[in-house]
Amino acid sequence: SLERGTTIINSTAQLDAYLASYGTKHIAKLSYVLQTNFPNIQPRRIVDWACGQGLGTLALLNTLEYQGGPMNVVLVEPSYPALCRAEYLVRGHAYWSQSELCSLYALNGYFEKSTFRDLTFAGPTIHVFSNILDMESVDLNKTHELIFERFSGPQLFFLISPFISRVRSARLLAFQQRFS
């Protein structure tokens, strides 16, 4: 029922099944990328696009744990059950790691202006796109425009997906080139 992790999850059972089927691989991939390629920046905001259960944000918070300072988090997810779990896990991580969250926005919807309502963000931001940009249903141009409209200041992007095919992987490069 998970369609290899590409469907919108609508139940707690599916959330649990996703973690059981893909969670370990997903976290290992995120941790590897963040530990081996992380630049020396001082971000104050994480935006996790199609955050699912928040695994990208949690991996990034673990990586940034020793840089100190409060963090702002924006979770964007079309699945309401997944978004609720992501928010719960991120708040739990902040509590147990004694990290300070300045703000946590949980935005239920797709990569559209209406999802962000009238919200805009300024300052250093890390964007996490994990396992989403390679999907044909994501409009790369609209996503690029949304970022330029809603975010200002230094922006760092983590574009992460498993290699499935050259065509799907080429979408990550195509998205990156829109910022050149």
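**Strand order and helix packing in the predicted model**

Of the 180 residues of the protein, 44% count as buried in this predicted model. The chain contains six helices and seven strands, and from the N terminus on these elements follow the order α-β-α-β-α-β-α-β-β-α-β-β-α. Contacts between residues at least 6 apart in sequence were also examined; 78% of them join residues at least 24 apart.

Five of the strands form an open sheet in the order E3-E2-E1-E5-E7, and the pairing is parallel. The edges are formed by E3 and by strand E7 (155-160), each of which pairs on one side only. From one strand to the next, the twist averages 15°.

The pairings within this sheet can be followed from E3 towards E5. Strand E3 (residues 101-108) runs parallel to E2, and seven bridges join the two. Within this pair, Val76 stands opposite Leu107 of E3. On the other side of the sheet order, strand E1 (residues 45-49) pairs with E2 in the parallel sense over five bridges, and Asp48 stands opposite Leu75 in E2. E1 also pairs in the parallel sense with strand E5 (residues 125-130), again over five bridges. Here Trp49 has Phe129 of E5 as its bridge partner.

Strand E2 (residues 71-77) is mostly covered, with seven of its seven residues buried. In a regular strand, side chains alternate between the two faces of the sheet. Both faces of E2 are covered: Met71, Val73, Leu75 and Glu77 are buried on one side, and Asn72, Val74 and Val76 are buried on the other. The buried set thus includes Glu77 and Asn72 together with residues such as Val73 and Val74. Asn72, which lies in strand E2, has a relative accessibility of 15% and therefore counts as buried. When residues up to four places away in sequence are not counted, Asn72 touches Arg44, Arg45, Ile46, Cys102 and Ser103.

Two helices were found to lie across strands of the sheet. Helix H2 lies across E1, E2 and E5 and runs at about 155° to E1. Helix H5 (residues 140-150) lies across E1, E5 and E7, and its direction is at about 160° to E5. E1 and E5 are thus among the strands crossed by H2 and also among those crossed by H5.

H2 is largely enclosed by the rest of the structure, because eight of its 10 residues are buried. These buried residues are Leu55, Gly56, Thr57, Leu58, Ala59, Leu60, Leu61 and Leu64.

Helix H2 (residues 55-64) also packs against helix H3 (residues 80-96): their axes come within 10 Å and cross at roughly 15°. With this angle, which is under 35 degrees, H2 is roughly parallel to H3. The crossing of the two helices is right-handed. On the H2 side the contact is made by Thr57, Leu58, Leu61 and Asn62, and on the H3 side by Leu89, Val90 and His93. By residue class, this contact comprises four nonpolar and three polar residues, with no charged residue. Thr57, Leu58 and Leu61 belong both to the contact with H3 and to the buried residues of H2.

Two residues in loops were noted for their backbone conformation. Ala50 lies in the loop between E1 and H2. Its phi is near 55°, a positive value in a residue other than glycine. Ala50 has a relative accessible area of 18% and is therefore buried, the cut-off being under 20%. Arg117 likewise is not a glycine, yet has a positive phi of about 50°. Arg117 is placed in the loop between helix H4 (113-116) and strand E4 (121-122).

Note on methods:
Residues numbered from 1 in each chain as written. Predicted model: local features only at pLDDT ≥ 70, side-chain atom pairs only at ≥ 80, totals over all residues. Heavy atoms only, no water. Axes fitted to C-alpha atoms, helices over the stretch in contact; angles between N-to-C directions. Helix = DSSP H or I, 4+ residues; strand = E, 2+ residues; numbered from the N terminus. Parallel < 35°, antiparallel > 145°, perpendicular 65-115°, else oblique. Left-handed = near helix turned anticlockwise from the far one by under 90°. Contact = heavy atoms within 4.5 Å. Nonpolar A, V, L, I, M, F, W, Y, C, P; charged D, E, K, R; others polar. Buried < 20%, exposed > 50% of the residue type's maximum accessible area, 1.4 Å probe, protein only. Pairing = 2+ DSSP bridges.
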